[in-house]
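This report goes through one protein chain, from its overall make-up to a few selected elements and sites. The sequence and the structure come next.

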Amino acid sequence: MIAKFEEELPLYSLSSSDAARQSELLSYIAKITEGETDMKSRSKIGGKNEGCFNKITVVGAGDLGIACVLAVAAKGVADKVILLDLSEGAAKGGTMDLEIFALPNVEISRDFSASADSKVVVVTVNSLGNAQTYLDVIQSNVDLFKGIIPAISHYSQNAVLLVASHPVEVMTYVTWKLSAFPKSRVIGVGANLDSERFQYILTNLLKAEVLAKDAWVIGEQGEDKVSSWTSYNLAANQTEGMAARNSRQKVANRAMEVLKGKGQRSWSVGLSVADLTDSILKDRRKVHSISTLAKGCCNINSEVFLSLPCILGTKGVLEMAKLEEDPLVQEKLQSSAGSIHDLQQQLKL
């Protein structure tokens, strides 16, 4: 998990000047929690924003946050997109460019109240700071979230919270605890991107379209992810069924090898976020592999979030799709759950 974090770290960075920006951000959050900021839209709490039915807020104006805004705007799923830039001082980099080349229905704000009545809130911020260890980095994220999540939850009490911060399994858990939202309305981007790629590879590169519709990448992001199936009609005859299973697994292994060569960049994660918000806002009831509370699945007894195929709608997770029973897959999920739970126990929430 540590090696994975270090390898993928640039994807979720706040900016090129991480330490300075982190200091600014923590300072601003402190003022928020002390009630010192100018909440210009207090009267909007609990009310409706005129002319804004489907509203999305993206928290964090780093590369990933801006990528999410652009992807959501391009997909046209929202009537209003708020980019919440929590850094102090003048607009910089991509945020300044967004202000210069104004996009319809996109607004940049530094005030939490601008997010009021959002249907979906996407959290992309990540603390890098000067932490020396992996645990210190995550604890720094937790401290950051302590100021952000309660404020966001206060202004959008019926929102679905979609976490893209890193590591997504742990930070989705932290978001769930800090928001006190029901588990159905706190999800992580999880393996949605990997699953879509996996299905594309099966269908278009390996010509296994029949297999693709029930194929998913699940578990923990990174090297520990695993392929699985929600339903597959194996032959009734045991011998034929075993042959069919082995054949399917060979194709899946080939697809996973191809998948390993595909990196994840901000814009690709942004497209995945737009895909998820589309399913939520339009109540598509489409199945996605997203980070959800895995307790009770595959004999997991701890409160951890793992990517599992779930049906998404306006209320978040409507139902978890049933996975085909596979002892090896269950073993890997239980192993991931154990390591994540041990890490969470060391955090100070």
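Among contacts between residues at least 6 apart in sequence, 74% join residues at least 24 apart in this predicted model. The chain has eleven helices and eleven strands. Of its 349 residues, 55% count as buried.

**Confidence**

The average pLDDT of the chain is 84, and 79% of the residues score at least 70. Two stretches with low values are described here. Over residues 2-19 the pLDDT stays under 50, and the model gives this stretch 39 contacts beyond four places in sequence. Residues 235-240 also have a pLDDT below 50, with two contacts in the model beyond near neighbours in sequence. Where pLDDT is low, the predicted coordinates should not be read in detail.

**Strand β10 and its partners**

Strand β10 spans residues 305-313 and is mostly covered, with nine of its nine residues buried. Its side chains go two ways: Phe-305, Ser-307, Pro-309, Ile-311 and Gly-313 point one way, while Leu-306, Leu-308, Cys-310 and Leu-312 point the other way. Residues of both sets are buried.

β10 pairs with two strands. Strand β9, residues 286-293, runs antiparallel to β10 and is joined to it over eight bridges. In this pairing Val-287 stands opposite Ile-311 of β10. Strand β11, residues 316-320, is also antiparallel to β10, with four bridges between them. Here Leu-312 stands opposite Val-317 of β11. β10 and β11 form a hairpin, and two residues lie between the strands.

**Helices α10 and α11**

The lengths of two helices can be checked against a rise of 1.5 Å a residue.

| Helix | Residues | Number of residues | Expected span | Distance between end C-alpha atoms |
|---|---|---|---|---|
| α10 | 266-281 | 16 | 22 Å | 22 Å |
| α11 | 327-345 | 19 | 27 Å | 27 Å |

For α10 the expected span and the end-to-end distance agree, and they agree for α11 as well.

Helix α10 is mostly covered, since 14 of its 16 residues are buried, where buried means under 20% relative accessible area. After α10 comes Asp-283, which has a positive phi, near 50°.

In helix α11 the buried residues are Val-329, Leu-333, Ser-336, Ala-337, Ile-340, Leu-343 and Gln-344. They cover an arc of only 125° around the axis, so they lie on the same side of α11. On the other side of α11, the exposed residues are Pro-327, Leu-328, Glu-331, Ser-335 and Gln-345. The cover over the buried residues of α11 includes the helices α5 (134-155) and α6 (168-179), together with the strands β7 (215-218), β8 (226-229) and β10.

**Annotated positions and Thr-95**

Which positions does the UniProt annotation "binding site" cover? According to the unreviewed UniProt entry, they are Gly-60, Ala-61, Gly-62, Asp-63, Leu-64, Gly-65, Asp-85 and Asn-141. Two of these residues, Gly-60 and Asp-85, are described here.

Gly-60 is found in the loop between β1 (55-59) and α3 (63-75). Its relative accessibility is 5%, and because buried means under 20%, Gly-60 counts as buried. Not counting residues up to four places away in sequence, Gly-60 touches Gly-65, Ile-66, Leu-83, Leu-84, Thr-124 and Val-125. One of these, Gly-65, is itself covered by the "binding site" annotation in the UniProt entry.

Asp-85 has its place in the loop between β2 (80-84) and α4 (93-100). With 2% relative accessibility, Asp-85 counts as buried.

Thr-95 lies in helix α4. Is Thr-95 buried or exposed? Thr-95 has a relative accessible area of 2%, so this residue is buried. Leaving aside neighbours within four places in sequence, Thr-95 is in contact with Ala-61, Ile-66, Asp-85 and Ile-108. Among these contacts, Ala-61 and Asp-85 belong to the positions that the UniProt entry annotates as "binding site".

Methods
Residues are numbered from 1 along each chain as its sequence is written. This is a predicted model: local features need pLDDT of at least 70, side-chain atom pairs count only at pLDDT 80 or more; totals for chains, interfaces and linings use all residues. Side-chain values use heavy atoms; hydrogens and water are left out. Buried means under 20% relative accessible area, exposed over 50%, partly exposed in between (1.4 Å probe, protein chains only). Two strands pair if DSSP finds at least two bridges between them. UniProt positions are given in the numbering used here, feature names are shortened, and annotations may be inferred rather than shown by experiment. Contact means heavy atoms within 4.5 Å. The expected span of a helix is 1.5 Å times one less than its number of residues. pLDDT is the predictor's confidence in each residue, from 0 to 100. The arc is that of the directions from the helix axis to the C-beta atoms.
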